[in-house]
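Me: I'd like to learn how to read a fold from its coordinates. Can you walk me through it?

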Amino acid sequence: MPPGLNDMHITLIPKVTHPERVSQFRPIGLCNVVYKLISKCIVQRLKKVFPQLIFPVQSSFVPGRQITNNVLVMQEILHPMRRKTGVKRWMAVKLDLEKAYDRLRWDFIQETLVHMRLLHQLIKVIMTCVSSCALNILWNGQPTEYFQPTRGIRQGDPLSPYLFVACMERLSQIIESKVTAGAWKAIPLTRGGTRVSHLMFANDVVLFGEASVEQAPTVNECL
């Protein structure tokens, strides 16, 4: 990666009308146009294999899937939950991963790409895109001094959503292993039919399981 090609301005978009804390801003990266072309070329390659590598419970940034699909499935699950009577009850837990992009470790991203068995050269190029960036903040229209990040991926980079979905797939695999082992009691959609343990909407996750004291440690262990 030539020096300076991956430099980026970060502009802070307020989430509320009168922001008073840094957490009330959303950082959006303004990428170099040439870097975006490189990033989009990588994304086009990832799109071809993502449908085979990502569990069907993830509906975001996977070709052929719509986020509305999971919304409909969740509505169909929650409707009978409200009317259910009897001893056995079910629960739904919604997780919102705060600052999820900013907290991803680079070594975890690389480990995930290796786990997905992508080509070594492609992994090397992706990690160069992630780790070679230099950032500055646009504050009142003026850029601050550049600094080097040590973790996280950037909103505004076309590659970032796909890397995040790939990393979230690791959580799906952990949950599915618990379901297969019988420790996680997934909610049945029909009597004796398909069971659902979780649904993913990019960085929002909804967990489904039996509402029992025994299930709590299993859910906590997965997280």
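What follows is a short chat about the core, the rings, a buried arginine and the sheet.

Reply: Keep in mind that this is a predicted model. Let's begin with the core. In soluble globular proteins, nonpolar side chains tend to be buried together.

Me: How many residues does the largest nonpolar core have here, and which have the most contacts inside it?

Reply: It has 45 residues, and the ones with the most contacts inside are L46, F50, I109, L113 and I126. Several elements supply at least two residues each, among them β1 (7-14), α1 (33-53), α5 (120-131) and β9 (204-210). Helix α6 gives the most, namely nine residues. Apart from this core lies another one of eight residues, including V196, L199, F201 and V206.

Me: Let me zoom in on one residue. What does L46 touch, leaving out residues up to four places away in sequence?

Reply: On that count, L46 is in contact with L118, L122, I126, L159 and Y162.

Me: Now the rings. How many aromatic pairs turn up in the whole structure?

Reply: Three. Take F50 and Y162: their pair is edge-to-face, at 5.8 Å centre to centre with 70° between the planes. F50 sits in helix α1 and Y162 in helix α6, 112 residues apart, so the pair links distant parts of the chain. Ring pairs also join F50, F61 and Y162 into a cluster.

Me: Are F50 and Y162 buried or exposed?

Reply: Buried is under 20% relative accessible area. F50 counts as buried because its relative accessibility is 1%, and Y162 does too because its value is 9%.

Me: What about a charged-type side chain: where is R154, and is R154 buried or exposed?

Reply: R154 is in the loop between β5 (142-143) and α6. With a relative accessible area of 8%, R154 is buried. Its side chain makes a polar contact of 3.2 Å with the side chain of Y35. Leaving out residues up to four places away in sequence, R154 touches N6, M8, Y35, Y101, C129, C133, L135 and S160.

Me: Last one, the sheet. What is the order of its four strands?

Reply: The general idea: strands of a sheet pair through backbone hydrogen bonds, either parallel or antiparallel. In this model, an open sheet runs in the order β2-β1-β4-β5, with mixed pairing. β2 (25-30) and β5 are the edge strands, each pairing on one side only.

Me: In which sense do β1 and β4 pair?

Reply: β1 and β4 (residues 134-139) are parallel, over five bridges. For a spot to look at, find T11, which stands opposite L138 in β4.

Technical notes: Residues are numbered from 1 along each chain as its sequence is written. This is a predicted model: local features need pLDDT of at least 70, side-chain atom pairs count only at pLDDT 80 or more; totals for chains, interfaces and linings use all residues. Side-chain values use heavy atoms; hydrogens and water are left out. A nonpolar core is a set of buried Ala, Val, Leu, Ile, Met, Phe, Trp, Tyr and Cys residues joined through side-chain atoms within 4.5 Å. Buried means under 20% relative accessible area, exposed over 50%, partly exposed in between (1.4 Å probe, protein chains only). Contact means heavy atoms within 4.5 Å. A polar contact is a pair of N or O atoms within 3.5 Å; within protein, one must be able to donate a hydrogen and the other to accept it, and residues adjacent in sequence count only if both atoms are side-chain atoms. Rings of Phe, Tyr and Trp (its six-membered ring) pair if their centres lie within 6.5 Å; planes under 30 degrees apart count as stacked, over 60 as edge-to-face and the rest as tilted. Two strands pair if DSSP finds at least two bridges between them.
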